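Trainee: I would like to know how the labels used for a protein model are justified. Can we go through some of them in turn?

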Amino acid sequence: MDLDLSNVAGGSHLPLFLLFLAFSVTFLVTRAITRLIRAGRGPFRNNVRGGVHIHHAVPGLILTVVGAFGSVAADGASPGAEISAVAIGIGTSLVLDEFALILHLEDVYWAREGQLSVQVVCLTVAGLGMAVLGINPLREADTADSVRVGPMVLSIPLLLHIVCLLACVAKGKYSTAAIGAFIPPVAWVGAIRLARPRSRWAQRRYSPEKTARAGRRAEHFDSRYGAWGLNVEDLVAGRPTGPAGTSPTDGFATGTRRQPPGG
């Protein structure tokens, strides 16, 4: 593993550092504004034009595209590279904050499924943070007697780990996937165990009997561990108002506590 702290916020690392900073700050500001809108406080209101709610993923896409084109045109030259990095950071943060809405093609921002956006953003922040610090576990030091087998040895377990993470997401275990990204055994166990009963995996692959068994296991898990996870997720993402499709994006809270997501 290679860790370089000497040039994090300067030189060639400056655009990446600015991207990381813009991404993180934009997410925090966006969540603060949407929660104020939801509570009916402050000067902010939903962006509605001609009866159409313009979600913040739309300007996010525009900024991301403009930043990407600008980055190619700048070819690493200052200040174009830095300006493009900031535009990409802001744009991708706005897009990923509504990742769940784009995934479901449904207004799930304040629903249980909408918290997937927060988990995706957290994983992105972690990945960007490691890149800013220069952490690269697949790179070895260049030495005369180096065989450079590290990337080959790590590539297979890394691939299997990614498959397990995708399996957790398909099984509706979003919290397990988020934790498992940093603690691999959590993802491995989550991928093996039964899916959440309302997940697409269960709906497509499970018999009624197996779905009922998955429901009993999910209920038992939630009764033991769900409350703590709900409190943490609600603190960051805001308390959901109901199941998918029943709560307005960036709207006002109307009420009901959903079942814990669990693992």
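Mentor: Start with the terms: helices are DSSP runs of at least four residues, and strands are runs of at least two. On that basis the chain has 10 helices and 2 strands. Note that the model is predicted.

Trainee: In what order do the elements come along the chain?

Mentor: From the N terminus the order is α-β-β-α-α-α-α-α-α-α-α-α.

Trainee: How do you know what span to expect of helix H1, residues 14-39?

Mentor: The expected span is 1.5 Å times one less than the number of residues. H1 has 26 residues, so 38 Å is expected. From first C-alpha to last, H1 reaches 37 Å, close to that value.

Trainee: Why is Asp75 called exposed?

Mentor: Exposed means over 50% relative accessible area. Asp75 has 69%, so the word applies. Asp75 lies in the loop between H2 and H3, and its phi is positive, near 55°.

Trainee: Is Leu105 buried or exposed?

Mentor: Leu105 is at 77% relative accessibility, so with the cut-off at over 50% it counts as exposed. Its phi is also positive, about 50°, although Leu105 is not a glycine.

Trainee: What makes a positive phi worth noting there?

Mentor: Most residues other than glycine have a negative phi.

Trainee: Why does Lys210 count as partly exposed?

Mentor: Partly exposed covers the range between under 20% and over 50%. Lys210 has 30% relative accessibility, so it falls in that range. Lys210 lies in helix H10 and is one of the residues forming a positive surface patch, along with Arg193, Arg213, Arg216 and Arg217.

Key
Residues numbered from 1 in each chain as written. Predicted model: local features only at pLDDT ≥ 70, side-chain atom pairs only at ≥ 80, totals over all residues. Heavy atoms only, no water. Patch = residues over 30% accessible without salt bridge, like charges linked within 9 Å, V, L, I, M, F, W, Y side chains within 5 Å. Areas by Shrake-Rupley, 256 points an atom, 1.4 Å probe, with all protein chains shown as cover. Salt bridge = Lys/Arg side-chain N within 4 Å of Asp/Glu carboxyl O. Lys, Arg positive; Asp, Glu negative; His and termini not counted. Charge placed at Lys NZ, Arg CZ, Asp CG, Glu CD. Buried < 20%, exposed > 50% of the residue type's maximum accessible area, 1.4 Å probe, protein only.
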